[in-house]
Every structure is written in C-alpha cells, then in structure tokens.
Amino acid sequence: MRRSLLFTSALAGGLAVAVLLAARVTAEGPNADFGLFIADQLRAHSEQLFGFTHPLEESVLGPYDGADNTKAIEVAHGLTVSLVSSAVASAADQIALWPNDDNPTHLFVCDEETSNPAVQRIDLSKPPASNATTIVTGLLSCDPVRRTPWGTIIVAEEHGADGGLYEILDPVSINVPINVSNRAMGTTSDPAHLVKRKAVGSLSFESFGIKHDGTMIYGDELAPGAVSTGSAGGALYKFVPANPYTGTGQPPITQPQLSPLDSGSVFGLRVAANASSNWGQGAEVGKGRWIAIDTAPAGVVDAAGNIILRNAQVLQKFTGYYRPEDMDVDPIAAANGVFRACWANTGRLNFAGGSIVENSAVHGEILCIVEEPSATATTGTIPVVTRFVIGSQQAGMFDNVAFQPHTGSLVVLEDGPTSIMTPTGPEPRGNDLWICLPDGDDDDTLSDGCVRFASVKDTSAEPTGFIFLGSGESAFVNIQHRAVNDAAGAANHGALVKISGFKVRHEHEHD
C-alpha cells in the first residue's frame, strides 16, 4: 500500500478515534482549526507514518557544551544516538557509504573548513577515537561527497565560482594523503587516484543527483544579489557524459580515463522556456529546458581550462534559486524508471521559530526536479520543477536532504539561526531535523506533512551530512563545528553520530 493510502487508513481509523474520544485537546476537531487538527494528527500517528513515537514539539533549548557528543543532539522518543567517530575533523560535512548502503565498512567525509584534512575515510571496525584517516589535502571548503555507481568517490568544493569537482579512484587503498597543489590546474600528487573533473565545470558545489550512466544534475550555492551584480541566485546544471557508464558486468573503474566524468557536455536550466517565452525572474517552477553552455564568450573558460558556470549563467540567463544546497535522488521513483531529485533552497532567517523578531523571513523550501523523457528535447528530457516542502519560521533555512529507503519520506536538516528573541531577551535554540511524508494522491505536489524528529542542543553547531543505511532504520549525521571540539583541535575532534530506531514499513507490511 502506498504511503498516501497508509495515511488515509490511519486517518480513517485513528482520526475517528481521536475525534470521538477527544484524545487530543490542542485542536478539538477539524471544524475548530483544521490546519492545527492535521498537525496534531501527524504527531499522534507518528509511529505509523514515520516510524517513531512522540516527535519533538519544539526546537530544543540550548546551549550544551559538554564533551559527550551523543548528548549534543536530542531525538524523538524511540530513537537512540551512538558515537561513530570523534576522530573526524570538527567541520566534517557530507557523508558517503562504502562499498554499499546496506553493509558499509567505511565512510567518507569532506571537511568544510580546513584543507588538511580535506577528505577523510572512517573505518567502522575501529574505535571512534581512532578510526579516521586523511586521504586528501589541499581542497578548500570541501562539502559534498558521493559514491558513484562505477565504484569511485567524488568530492567537491563549496568555494564560490572556482569550486572544483574531484574523483577519487580505489579510495580504500589510499594510505598516504594525496595533495592538491594547484586547484586551478587540478594538479595532484597522485593523478592515478585523484583527478579534477574539469568537464563538469566550476561553481560552489553542494548538491548532486547522479544517474547510473554518469549523467548528473547539480546546483550552484549562490544567493540572489543586488541588481548591480547580475546575480539571480544559483542555477542548476546537467552534465551528460561523452562515454556513459553501462554498468553491465563491469568492475569498479580504477583508471581515470575510463570514468564517465572524463569528458562530456554541460547544460544550464531555464524554467518555463520549453514552450513559452515567459522565463526569467518569477519563473522558478514548471517545465523548462536544458541550454547548452556557450563556452565562446570571454570569462566562461579560464586560462586553466575550467568552465566558470556562474559567468555562463549571467550571460545565458539560467533560472536562479536562493542558495541551492544538498540534493538527493528519490529511490522509489528511480525503481519505477523515473529520475526525480529534490534539493534545498536555503533562504534566509535571522531568528529561529518562536521569535518575536524576524528581520528577513525568507523561508527555505524543498524543490524537486523530474526528468520527463522526450525524443525531441535537448539531452532527451524535459526538466520539470515543482515545490515539495514550503518552509516556515519553525522549519527554515534548509540545508541537507536525504530520502529514507523504502518509504519515500524525506529528511530535511536546518542550518539557520540558533536563537530566538523573547520579551526578556535572546534564548538559544538548536537547529532541527525534520522528516516529511511523500506526496499522496491529492491534487498538489507537496509533502503530506512533516514532523521534527531531532534537534541539536549544542547551539554552536549544526547538523549536516545525514544519510540513511539501506534498511532505512538507521542513519549517520555530523554535528558540525561544535565549539568544544574546535577548542580541542578542529583537525581531529569531530562528532559523527548514528541515529537508530526508525521503524520502516515495507510495502508488503503497509496493509
């Protein structure tokens, strides 16, 4: 049974009981305040819908500055927290599982704030205090990391217009750190194991949606700027490999020239342009098309051969978004032959939910892109963008996203302000972790509802890199740049933890 039908079943029985027995008193019934009534029902039926009981009612009160990393985050009843690594860098960011999602032996993480380490490998068989090995140095603001279908690891820099993407081959065999000595040229101390992929282009990387053949969709983490700067916000791009990966009987790729990222073409997204001339500011959702990057104008390709996509966007007027950040591919859609990827637009807030003051109120949002096959369209697809989660003062400044396997639910992490303003002064409040239902059979494209399942108690820190194991029952997450860890030495005092206890209902169990 689909989640929408499960939700309907829960409402058919559970709502009737709640109404007749007046089990909840916050909203007396649907006629009193229907929106609040639905919110109450999401919380009341959290175990059936999300796999845990009693979501958190509000952001947790901080600050927490103790040494125990597992206590730096509060989770919903039924979930537990355990320490995976304190040997990672304090600013460890996104996480990739190796060699698979079901039974990983290692994790790979980027360090967002230092160049040494830039990339680390965590051996899950070793103690948390001594399980991290530095394998790459010399990158700046390393943020996203992914395991590719062809058996490599890609990492990239969230470093403005000159951020680069690098591919690591045979990553478990690297025991001496590989240094990037020239970022523009992509010069590395071991070009057989670490290669800059200039064909993908340069921008401020954080998001990737990777298809099996090496085709990728990714965004530029750029906020809109003043009219004088010409910045419409970050655009989305698509890389199409010249030599797609077939994956049929092939072992993992260990030779750089055989990777699908070795060469290819890049396209920028222009929404509302497929069958309409009404594109530009205000056209963020709807059908669009992929526009080939024009590399001829001055400034698009630099002296080192890097494609500066931010300059191409200004010239070719690609659709802009408010800081596109992390992205994940919908596994259920993929299993049904549909490529759907959702990403976070961060927006901007000054204070967290519950504050009596807010000077910006640009709420974050989650958007999704679906590639509709079309024999006549550029790259063979029509990109269709829809809104999936609309942020609020309570749920704002979205950063990382992760689909839960088997359910279609999406986890969304905040990276926003860590205080609210009360009548008596500021009050520290942590960044939250939310989980959102898939869209059901109603008429919109939006999630059927979200609840808060965790909140970071250390208000000097933020959650990042959330990624589920293949079962969907546990996940890894970094509690990034805790002040107490930074003070002890940012290079090897991190907080990579595991959240366990999600109850996952597989399709045959939903009935």
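Five bridges join β28 to strand β29, residues 474–480. The two strands run antiparallel. The model is predicted. This briefing covers two open sheets: one has four strands, and the other has five. Strands of a sheet pair through backbone hydrogen bonds, in either a parallel or an antiparallel sense.

**The four-strand sheet**

- The strand order is β2-β30-β29-β28.
- Pairing in this open sheet is antiparallel.
- β2, residues 80–85, is an edge strand.
- β28, residues 462–468, is the other edge strand.
- Each of these edge strands pairs on one side only.
- From one strand to the next, the twist averages 30°.

**Inside the β28 and β29 pair**

- I467 stands opposite F476, and F476 lies in β29.
- The link between β28 and β29 consists of five bridges.

**The five-strand sheet**

- The order here is β1-β27-β26-β23-β22.
- This open sheet also has antiparallel pairing.
- Its edges are β1, residues 73–75, and β22, residues 398–403.
- Both edge strands, β1 and β22, pair on one side only.
- Neighbouring strands are turned by 25° against each other on average, with direction ignored.

**Inside the β23 and β26 pair**

- β23 covers residues 410–414, and β26 covers residues 432–436.
- Four bridges pair these two strands in the antiparallel sense.
- L410 has C436 of β26 as its bridge partner.

Key: Residues are numbered from 1 along each chain as its sequence is written. This is a predicted model: local features need pLDDT of at least 70, side-chain atom pairs count only at pLDDT 80 or more; totals for chains, interfaces and linings use all residues. Side-chain values use heavy atoms; hydrogens and water are left out. Two strands pair if DSSP finds at least two bridges between them. Axes are lines fitted to C-alpha atoms, for helices over the stretch in contact, and angles run from 0 to 180 degrees between N-to-C directions.
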